[in-house]
Amino acid sequence: MVIVDNIGKVSIMIKKYDVLVIGGGPAGATAARLLAQKKYKVLLVQKSFTFEKPCGGGVLLKVFDEFALDREKISHQVNTIKVVAPSLFGVTVSLEKEPLAIVDRLEFDAYLRTLAHDEGAEVIEGYFQSYDGQLAYIKSSSLQLCIQAQYIIAADGVNSTVRKAVTGTLPKRVLTLYAKVQQPLTAQCEFWFGRDIAPGHYAWSFIHNKGTHIGVVCEDESNAQHYFGRFCDKLGLKDTPRARGYYIPLWRDDLYRKDNILFVGDAAGHVSPFTYEGIYYAMRSARYAVDAIVDGDLDTYKQLWQKNLKKRFKAMELLRKLLLRWDWTIERVVKLLNTRSVHQAALRFWSGKSTPSSPLQVTRKIIRLLSQKMI
Ligand SMILES: Cc1cc2nc3c(=O)[nH]c(=O)nc-3n(C[C@H](O)[C@H](O)[C@H](O)COP(=O)(O)OP(=O)(O)OC[C@H]3O[C@@H](n4cnc5c(N)ncnc54)[C@H](O)[C@@H]3O)c2cc1C
């Protein structure tokens, strides 16, 4: 239905869809694509087509096969990563059969939205404003859209407007300060650890299209700039570049759905609690949400997610808490990465090929690891 104002301009439009997807990042674009493949009538609403999500753009290469993506979209393929301990002792780790792809997020997100569009989803630039339990209100250029949908997928990221509107909460989060620098500081991906630059978390330096993408993850927001400056010193940068801040959600396993609204990706906090990779997990959660809609039972979403990913996330969270708290544990683990068995086990875990069966098993493995004789 279209409502026309007294000078003949269309001002409000009420439209019906099977599914309204809000947010056109990896989670939302994937959900819209998969639903359209199943012949659902889908509207994907993305705030801005020129928004570039702050991101290192690192994603396991297997994502391209798992989601049938074009490898042409990879800007760099990284076959080794460097891990740097607080003492500056660094180990270069071969990724062997699990290389990392670096994508340009502006291009990658646009590509995912194009895939959704090509499958038949309607994709528009618009902003979700509110939801009254029946209609979702979307502002799109001069139009006010009122959307009636059987299901809504909230994929609008860590600052989720949908989550705020319908639950009054946002995901728990941690701040990152990051910058793109012109200098080619590395030809791979580097992860730097230590209490002086990123207590309890890590700092990174990733090869990027136009130089290097650097950043720190930091809970102590009032000192974040200080940690970022120290990291830049360690990288040998003469001047500290101007950093921008953005949040990464901390996984809490607390929200999957409210009524007919499913929360996916960053909006649900589905980011690895150790490495903070979120692209792949956003796409996986989108797939599970779509499976639940197709199944006709929305609780299937939580069940699928927990069955496939919960143990893994729990193990990662525990690893971060046990290993990244003290510099001595990090120092030891980085040295042990030179050992073939530890290197292999770390790769298997990171790539999802193995997951410890319980927190107790993780703790035992860590104690065994830390008490291993150094060569
Ligand atoms: C500095 C930094 C570095 C990172 N590096 C990596 C990395 O190297 N690898 C990795 O895997 N992960 C990384 N992450 C995490 C990753 O960026 C996110 O986990 C991932 O983007 C989540 O995808 P998403 O689709 O859930 O949300 P997003 O990518 O945030 O997409 C949400 C979309 O919703 C849109 N939106 C927001 N509000 C509205 C609204 N009201 N109406 C309509 N649209 C709206 C936004 O414009 C956005 O495009 C990093 C994060 C940060 C902050």
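Domain bounds in this predicted model come from an automatic or database domain assignment.

**Figure 1. Domain layout of the protein chain.** The assignment divides the chain into domain 1 (2-53 + 104-171 + 250-296), domain 2 (58-103 + 173-249) and domain 3 (317-370). Between the C-alpha centres of domain 1 and domain 3 the separation is 36 Å. Secondary structure in the protein chain amounts to 10 helices and 19 strands. The radius of gyration is 22 Å, close to the 21 Å that the globule rule gives for 375 residues, so the chain is as compact as a globular protein of that length. The C-alpha trace spans about 80 × 45 × 40 Å along its principal axes. Of the 375 residues, 40% count as buried.

**Figure 2. The shell of residues around the ligand.** The ligand has 39 residues around it, of which Gly25, Gly56, Gly157, Gly265 and Gly278 come nearest. Two or more residues of the shell are given by each of α1 (26-37), β3 (42-46), β4 (58-60), β10 (127-131), β13 (173-181), β17 (244-249) and α6 (279-295). Domain 1 and domain 2 each supply at least three residues to the shell. Sorted by class, the shell holds 19 nonpolar, 15 polar and five charged residues.

**Figure 3. Helix α7 and its bend.** Helix α7 covers residues 299-323, 25 residues in total. From the first C-alpha of α7 to the last is 34 Å, close to the 36 Å expected at 1.5 Å a residue. The helix bends by about 55° at Leu309. Leu309 is itself one of the buried residues of α7, together with Tyr301, Trp305, Phe313, Ala315, Met316, Leu318 and Leu319. An α-helix has 3.6 residues a turn, so residues three or four places apart point the same way.

**Figure 4. Ala29 in helix α1.** Ala29 belongs to helix α1, an element that gives two or more residues to the shell around the ligand. Ala29 counts as buried because 30 C-beta neighbours lie inside 10 Å, the threshold being 20 or more. Ser87 is 58 residues from Ala29 along the chain, and the C-alpha atoms of the two are separated by 42 Å.

**Figure 5. Lys39 and Asp253, two loop residues with positive phi.** Most residues other than glycine have a negative phi. Lys39, in the loop between α1 and β3, has a phi near 70°, a positive value. With 10 other C-beta atoms within 10 Å, Lys39 is exposed. Asp253 lies in the loop that runs between β17 and β18 (257-258), and its phi, also positive, is near 55°. Asp253 has 17 other C-beta atoms within 10 Å and is therefore partly exposed. The strand β17 that precedes this loop is among the elements giving two or more residues to the ligand shell.

**Figure 6. Gln188 in the loop between β13 and β14.** Gln188 is placed in the loop between β13 and β14 (189-192). Because 18 C-beta neighbours lie inside 10 Å, Gln188 counts as partly exposed. Gln188 and Gly126 are 62 residues apart in sequence, with a C-alpha to C-alpha distance of 37 Å. Strand β13, at one end of the loop that holds Gln188, gives two or more residues to the shell around the ligand.

Note on methods:
Residues are numbered from 1 along each chain as its sequence is written. This is a predicted model: local features need pLDDT of at least 70, side-chain atom pairs count only at pLDDT 80 or more; totals for chains, interfaces and linings use all residues. Helices (H or I, at least four residues) and strands (E, at least two) are DSSP runs, numbered from the N terminus. The expected span of a helix is 1.5 Å times one less than its number of residues. The bend at a residue is the angle between axes fitted to the seven residues ending there and the seven starting there. A residue is buried if 20 or more other C-beta atoms lie within 10 Å of its own, exposed if 12 or fewer, and partly exposed in between; C-beta atoms are placed from the backbone. A residue is near a molecule or strand if its C-beta atom, placed from the backbone, lies within 6 Å of it. Ala, Val, Leu, Ile, Met, Phe, Trp, Tyr, Cys and Pro count as nonpolar, Asp, Glu, Lys and Arg as charged, and the others, Gly among them, as polar. The radius of gyration is taken over C-alpha atoms; the globule rule is 2.2 Å times the number of residues to the power 0.38.
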